[in-house]
Number of protein chains: 4
Amino acid sequence: MKISIVGATGYTGAELLRILASHPAAEIQYITSESQPGTAIADIYPHLTRFYTQKLTNLASLEKIAADSDVIFIGLPHGHAMEVGRKATAINANIKIIDLGADYRFKNHDTYEQWYKVPHTHRNANAVYGLTELNRSQIREAAIVGNPGCYTTASILALAPLVKNKLVDLTTIIVDAKSGVSGAGRGLNLGSHFTEVFESVKAYNVGGHRHTPEIEEVLGRLAGEDIILSFTPHLIPMARGILSTCYANLKAGVTAEQVDAAYVSLYGKEYFIRLLGRGGCPATKNTRGSNFCDLGWHIDKRTGRVVAIAAIDNLVKGAAGQAIQNMNVLFNIDERTGLDYAPVYP
Amino acid sequence: MKISIVGATGYTGAELLRILASHPAAEIQYITSESQPGTAIADIYPHLTRFYTQKLTNLASLEKIAADSDVIFIGLPHGHAMEVGRKATAINANIKIIDLGADYRFKNHDTYEQWYKVPHTHRNANAVYGLTELNRSQIREAAIVGNPGCYTTASILALAPLVKNKLVDLTTIIVDAKSGVSGAGRGLNLGSHFTEVFESVKAYNVGGHRHTPEIEEVLGRLAGEDIILSFTPHLIPMARGILSTCYANLKAGVTAEQVDAAYVSLYGKEYFIRLLGRGGCPATKNTRGSNFCDLGWHIDKRTGRVVAIAAIDNLVKGAAGQAIQNMNVLFNIDERTGLDYAPVYP
Amino acid sequence: MKISIVGATGYTGAELLRILASHPAAEIQYITSESQPGTAIADIYPHLTRFYTQKLTNLASLEKIAADSDVIFIGLPHGHAMEVGRKATAINANIKIIDLGADYRFKNHDTYEQWYKVPHTHRNANAVYGLTELNRSQIREAAIVGNPGCYTTASILALAPLVKNKLVDLTTIIVDAKSGVSGAGRGLNLGSHFTEVFESVKAYNVGGHRHTPEIEEVLGRLAGEDIILSFTPHLIPMARGILSTCYANLKAGVTAEQVDAAYVSLYGKEYFIRLLGRGGCPATKNTRGSNFCDLGWHIDKRTGRVVAIAAIDNLVKGAAGQAIQNMNVLFNIDERTGLDYAPVYP
Amino acid sequence: MKISIVGATGYTGAELLRILASHPAAEIQYITSESQPGTAIADIYPHLTRFYTQKLTNLASLEKIAADSDVIFIGLPHGHAMEVGRKATAINANIKIIDLGADYRFKNHDTYEQWYKVPHTHRNANAVYGLTELNRSQIREAAIVGNPGCYTTASILALAPLVKNKLVDLTTIIVDAKSGVSGAGRGLNLGSHFTEVFESVKAYNVGGHRHTPEIEEVLGRLAGEDIILSFTPHLIPMARGILSTCYANLKAGVTAEQVDAAYVSLYGKEYFIRLLGRGGCPATKNTRGSNFCDLGWHIDKRTGRVVAIAAIDNLVKGAAGQAIQNMNVLFNIDERTGLDYAPVYP
């Protein structure tokens, strides 16, 4: 596939390049940056030396980029991505778009506008939410994939079997998530300054993080009814990794075996989801650098709650890896292509 | 005060020694270790060089230790501490005991036996639970203080105002806690091996951690009714610090102002509790090396929940610092003595 | 003492405030910031809550600051500090100045100008280099103290006994130093961005770091002849701490015992220098949060070299702590006042 | 190739398995562990789930292992590896052995015995030192490869061009090396306990580390004369990565351009060595998870020294990756096979 990456200098863009370097069908056409056009990507990210000699171009060349690409990955701030999506699909009717931001994630555009504070300008897009394991068949038919957020990937994967099978009281869902600092991006701010973050943990955006409505919409569709839940993100002193610890009250009479069966039924054949089973405690380290999501769940008989826990690498299954998984689906090749390597442990 | 520390070579013992080195009224009499008697403490913990020339003795000298001490801190495994407590109080009727383990934490000894799997052999002790801010007046009259666990200190302090003032539905409490690795002690095991823990986060003992019944008993007494709650501890790649993120459903009609008032009313005059207020997000780093507990709380109108968050240094307010605070209370000196220094940030 | 801190919002300023909070003779008069005047220091550094209610002023008030202070600590960029020093000493003839930057560190102002690329505008200052253990008696008589750099403190302390006693070939000195990231300050840049620094180590400014001529001048004076040496700083993924590993060829016939004697003779009575002896390997962690410098040395018979290693906390003995040690000397009080607490380990 | 790994449960064994999982020609036959035979490797290392279903066997099956394998990787303690090598080559005359320990690294067996304190029992082996870039043609003809140590790989690669081209005074070489904690292995000891290592840096084995004679022998052969040098390893709070900072005095008249030419001449065509050039400062993070060695060098005109710096991932180019590179050479396939992926940054 001829691939371009629009907005390639963030961590997500760099991770796309890292993974695509070993993807047998990938040909990188254009990579763009509005701030550093003309610079070689390996000068910005020296770890990519030997893999890319390309220089960055910018969006002034969008016409050419869209015409010459089979697929564009977009790594732009929300609001900007849908402009590129709208134009690129107009230029090249066959192009596929995979947006790593939020612009194409919502079916309900009003929810998007309410949480993201910008008008949605591409409401008629043929777009699908790209949580591959849940939406594979729709993705295959889509022109545009709204690639899920990092927190949302882990949280939805942990909760989907419970919600889909109506095993839990939907009003009792709480997601307590922990992320490494790469999730905050490469932009400089005091909250990502080494000395401030090291040997510290804290919550942020309590009750107000934008991944909340994304989790709610996707789980709500699975459940067939609206869901309102609590989501609390935390910053952890590590570079990569997300752990989502999810709580919900089991409905009366639901057995542990039913819970087990729900996980096995939904994920038993999924390559990138590794079930640690009931009592399993996934560690982010076991997924580092890979596209795997490790899942464990616990039945707390004392409280009648289920605790489901998912671990991913936020930059891979939570961003670039899942985007490439979606690309593989869009182009009808083995979903594991370019992604089938073991995590980097320890 | 003439102070002895029984079981001084764990991190809690070392932290007691660190803090007591600057306590103007402290005189260290004996320090013990069953595994390394005869060794100078500064050979085991070189950071204590200049502060202690003492060598370790062992429990064979308990008679002498109890006779010559005003107070004994105990840093032994559960089951062993109450044996020392029983004997020491028999030897010296005026002695004060501060146990940093679980043996004296429970009013309900059956709960203790059920979770700790050993018979309680000192049921008639004049013992009080040492969460200073909640039990100050009883501590003053006690012979023995059961110093709280690290997770429990943070979790109870976060939830007490809500529970005491009946602002939340007691059946909905969930505590999601994150701890640095020093909480796992100095004993060698793969779970504390640097290379395994670094750049990783995971939950452990989900639904089964022994701090659960401790939180439940103390909050239950505040509420005047039994409480069953969910508690999930997580291991974070840092040495010190605990963050407890606590969730509960607000009762119908409870206002944000009532929540604020509950915190201010209980803690407004507490020196070691720093209220960050509604919307505040405490970071463990701001408490590192100090006896402070930083507290913030959040009202999530969408879900009707309150999220209360507490940050402490697990070795100070979560162990040695609070133990010394309790010692100050027991001996009727200013509670801040030896503890009134600023956290080590960054 | 009435103390003001000019440029208080960097890590060095915050560390001065942290330590001075427990200094029995310290009264903070003014604290300044050119970027955030009017802000409460505890809003910028929440860990200082309970210790300071002051708000920041700025240098527009220098007249008042100088008149009302016994001592001013300066935490400004080089070039600016000497302007404040010049004006403040003119306003208040009795004032003491302790500059934590480079402006007053050099006896040879030409060297300063060559490395720092600005003219020296206060050449006639009554200034002394503030490495307390080496210059104590001159500091006592000075008006201005040029407080040493962090790398230089560790490196000079490690090498001074060897150089002073002419035990090593002065043309063979190599200093390989490792620093935590707080040494790079609180200013935002990619080189201090958490995700870039974590799980990485690298050298920087090889052969060109400005602490090089400072080490050379001070050791050169001790030796009585010019010294040119190699100095290589490295960035380590931790917040605090510097380790200086120093190499030199022993002169022919020098024995291990002579080396030992040189260390004991120079430092045997120094409270803040803890000699680990021949074969000792200091760890930065054993000094964290404290004013100690831990020192060990090794004789490598195979190569005829001595390897001397010093560990300090870069923000304490390498900056704020030594500055306060110097203040104590200037005001003729016990040098340990406010600094006599144990390191925060682990 | 039919591959067996003898001693597969250390970090080096796990890393071999991680990399071989994506090697197109690799077929794993047997993996062994003396301590955990019968256990599935994925139960010990869950990150390998999906890649290996094998269970561990043990050395009781050596006859079968040697007969059924084309190549055996050995991850045993020194002294034991050569026993396996001796027996396996006797069983199967065509087998190739790649030992990741020290037993086959030395041409001078007396040096080996002196530093490793065991007799060498396989002196007549057809063994070659496996620093691929230096010994490629000899490796191709060998039966046994002594795979280099982690420190030695980085240090030799940094110094080889200088030594081979006689650009430096061989009596002045100093290597100051910094390693992540995975280099200390998975065995439990206080020196690798998370809480002890975190936020700390220290030297160890100063002047006595066993990688010293290995570096000396290899460089000595390149130089054509004996070399004695100083080597100081340091422990850094990270999991992976080694940085070797190497110092030497340039011979009189040697120019910077000659130094540049020496590096380009030796490494210009080497895929796995990435030259950052004169003034370059490699960071271990840019090599993480990959087989690359990043190299930079600096001419310090003031001191007449060259400072050469190499960064590698200790578990890849410093162990398992280079071992697989050597396997590719032994079997005459493209050296990059299975190793040609980008580092995991950030």
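Hi everyone. Let's start where two chains meet: chain A and chain B bury about 4000 Å² between them, and 54% of that area is on carbon and sulfur atoms. Please keep in mind that this is a predicted model.

So who takes part in that interface? On the chain A side, 49 residues are in contact with chain B, and chain B brings 49 residues of its own. Between the two chains there are 33 residue pairs in polar contact, with both partners at pLDDT 80 or more. The chain A side that touches chain B divides into 24 nonpolar, 13 polar and 12 charged residues.

Where do these chain A residues come from? The elements that give two or more residues include the helices α8 (194–197) and α9 (211–223) of chain A. Several strands are on that list too, among them β7 (174–179), β10 (242–249) and β13 (305–312) of chain A. Which element gives the most? That is β7(A), with 4 residues.

Now for the charges. How many salt bridges are there between chain A and chain B? The count is 6. One to look up on your screen is between B:R302 and A:E216, where the closest N and O atoms are 2.4 Å apart.

Next, let's bring in chain C. In general, two copies of a chain are related by a rotation about an axis and a shift along it. Here, chain C superposes on chain A by a rotation of 180° with 0.0 Å of shift along the axis, and the RMSD is 0.0 Å. That is the relation of a two-fold axis. Which residue of chain C comes closest to the rotation axis? It is C:F194, whose C-alpha is at 1.9 Å. Both copies use the same surface, as 100% of the contact residues of chain C recur in chain A.

Moving to annotation: the unreviewed UniProt entry gives residues 2–142 of chain A as "domain: Semialdehyde dehydrogenase NAD-binding". In the model, that span is 35% helix and 16% strand, and its end C-alpha atoms lie 18 Å apart.

Finally, some backbone details. Most residues other than glycine have a negative phi, and most peptide bonds are trans. A:N332 is not a glycine, yet its phi is positive, about 60°. You will find A:N332 in the segment after α11 (316–330) of chain A. In chain B, a cis peptide bond joins B:Y345 and B:P346, with omega about 5°. Chain D has a cis bond between D:Y345 and D:P346, with omega about 0°. D:P346 sits in the segment after α11 (316–330) of chain D.

Thanks for listening!

Technical notes. Residues are numbered from 1 along each chain as its sequence is written. Chains are lettered from A and ligands numbered from 1 in the order in which they are written. This is a predicted model: local features need pLDDT of at least 70, side-chain atom pairs count only at pLDDT 80 or more; totals for chains, interfaces and linings use all residues. Side-chain values use heavy atoms; hydrogens and water are left out. Contact means heavy atoms within 4.5 Å. Buried area is the accessible area (1.4 Å probe) that two parts lose on being put together, summed over both. A salt bridge is a side-chain nitrogen of Lys or Arg within 4 Å of a carboxyl oxygen of Asp or Glu. A polar contact is a pair of N or O atoms within 3.5 Å; within protein, one must be able to donate a hydrogen and the other to accept it, and residues adjacent in sequence count only if both atoms are side-chain atoms. Ala, Val, Leu, Ile, Met, Phe, Trp, Tyr, Cys and Pro count as nonpolar, Asp, Glu, Lys and Arg as charged, and the others, Gly among them, as polar. Copies are superposed by least squares on the C-alpha atoms of residues with pLDDT of at least 70 in both. UniProt positions are given in the numbering used here, feature names are shortened, and annotations may be inferred rather than shown by experiment.
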